[in-house]
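Subject: Structure handover

Hi,

Here is the structure I promised to pass on. Have a look at it first, then read my notes underneath.

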Amino acid sequence: MLYTAILTVLALQGNPAEATQSPEQSVAPLERVVTKVGTIEITLGDVRAEVNRLVPMTFFHSNLPEEEKLSTYKTALGNLVDKSLIHQDAITRGLNPTEEQIRAEFQATLVKAGPEYASLPEEKFNELLNVYRPKVVRRWMLDQNEARFMASVPAIKEEALQQRYDMIRTELVSPEEARFQHILCKVPPAASKQEGAAVRKEIESLRERLIAGEDFGGVAKEYSDDIFASVGGDMGFVQKGAFTIRELDSAAFELADGDVSEVLTSLYGFHILLRLETRAPRQLSFEEVTADLRTGLEMEIEAVAREAWMAEMRKAIGVEELIKLEDDSLPPTD
């Protein structure tokens with residue numbers, strides 16, 4: 001259990017290793033080398049281990065659609081290639097940890113693995129560190145090189161934010177918003193058709209009372225199973241497209257202010273909405289969108305810088321594709 005937890009935190013189950021086997025040797029399917037990154041060989045087993053990190057094992061081996069399998073393997077292989085490049089680049093740059101840094105890195109790994117591992121006896125700590133030292137060192141070098149790269153990405157200047165705002169200002173408009181009251185009469189998943197029909201009959205009678213002029217808030221407080229029942233079903237303002245229940249979103253914004261909806265059906269049961277008031281779309285100010293603009297620009301600049309960094313490392317270190325990943329080259333799903 002401890003070993004699994006440590007490996008999960010280190011995220012290096014598919015840790016590519018230095019080349020040790022000649023191409024002439026017969027190898028098991030999972031030991032076939034897919035790609036070489038400099039002197040690092042990435043096997044099909046490494047790729048599958050990375051897939052299992054990206055997609056939890058219990059999900060991947062039972063539910064991952066066959067049509068998604070190839071793209072998931074290619075994503076995993078790309079991750080391993082990038083990590084191998086960053087690792088070898090760190091070696092070239094002389095980013096080597098001290099013993100103190102190695103121990104601190106491993107201690108942080110143990111803390112993340114679970115509170116029961118955070119205070120191991122010194123003897124056990126040293127024993128485990130000896131087992132995982134290469135992985136811990138590699139993890140530290142990857143992190144340090146990533147941090148060095150991120151520090152090299154140019155900072156966003158205020159003028160650039162203003163320029164971006166001016167460029168896309170016409171697109172920066174708040175969506176339509178409306179305030180609603182809501183009644184939900186739940187139907188349990190295991191309910192019979194007769195039980196569901198009884199709940200529908202009940203909510204239809206509630207709708208008739210609302211149409212006749214009874215206070216929506218009072219009815220909601222007494223009969224609704226919704227989390228907003230205590231405040232008379234008042235959901236506050238909701239943006240168009242923001243309802244978590246799709247059936248409500250499509251009907252809600254077809255209502256006029258003051259309208260009561262028909263009885264709506266979802267997986268949860270039956271619903272009634274009252275549209276109270278509307279806020280029309282409006283132009284968002286620079287101050288309102290500054291944070292989003294900054295995040296977007298930072299992501300764009302980082303992506304361009306990272307692409308250049310990866311291209312530079314590929315050229316210097318070399319990436320050789322030995323097996324092209326295709327559906328018929330992937331291992332069978334366990």
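Below is what turned up, starting with how the values were made.

This is a predicted model, so keep in mind that local features need pLDDT of at least 70 and side-chain atom pairs count only at pLDDT 80 or more, while totals for chains, interfaces and linings use all residues. Residues are numbered from 1 along each chain as its sequence is written, and side-chain values use heavy atoms, with hydrogens and water left out.

Salt bridges first. Side chains of opposite charge can pair when their charged atoms come close. The cut-off here is a side-chain nitrogen of Lys or Arg within 4 Å of a carboxyl oxygen of Asp or Glu, and a search of the whole structure finds 22 such pairs.

One of them joins R103 and E122, at 2.7 Å from N to O. R103 sits in helix α5 (residues 99–113) and E122 in helix α6 (residues 122–152), so this contact ties together parts that are 19 residues apart in sequence. (Helices are DSSP runs of H or I with at least four residues, strands are runs of E with at least two, and both are numbered from the N terminus.) R103 is partly exposed, with a relative accessible area of 24%; buried means under 20%, exposed over 50%, and partly exposed in between, using a 1.4 Å probe and protein chains only.

Next, R306 meets E146 at 2.9 Å, N to O. That pair links distant parts of the chain, with R306 in helix α11 (residues 286–317) and E146 in α6, 160 residues apart. Both ends are partly exposed: R306 has a relative accessible area of 21%, and E146 has 24%.

Helix α11 also takes part in a salt bridge between R164 and E300, whose closest N and O atoms are 3.0 Å apart. Since R164 lies in helix α7 (residues 158–168), the pair ties together parts 136 residues apart in sequence. E300 is partly exposed at 40% relative accessibility. Separately, E50, R53 and K83 are linked in a network of salt bridges.

Now the helix shapes. The expected span is 1.5 Å times one less than the number of residues. For α11, with 32 residues, that gives 46 Å, and the end C-alpha atoms are 44 Å apart, which agrees. There is still a kink of about 30 degrees in α11, centred on D292, where the bend is the angle between axes fitted to the seven residues ending at a residue and the seven starting there. Its buried residues include F286, L297 and W309.

In α6, a straight helix of 31 residues would span 45 Å, but the ends are only 38 Å apart. A kink of about 70 degrees lies at Y132, shortly before the proline P134.

In the loop between α5 and α6 you will find Y117, which counts as buried at 9% relative accessibility. Y117 is ten residues from Q107 in sequence and 9.0 Å from Q107 in space, C-alpha to C-alpha.

Last, the strands: β4 (177–186) and β5 (234–239) are the elements that give two or more residues to the lining of the largest pocket. A pocket, on a 1 Å grid over the protein atoms alone, is an open set of points where a 1.4 Å probe fits, with protein on both sides within 12 Å along at least five of seven lines; lining residues have an atom within 4 Å of a point. β4 gives the most, with three residues.

Cheers
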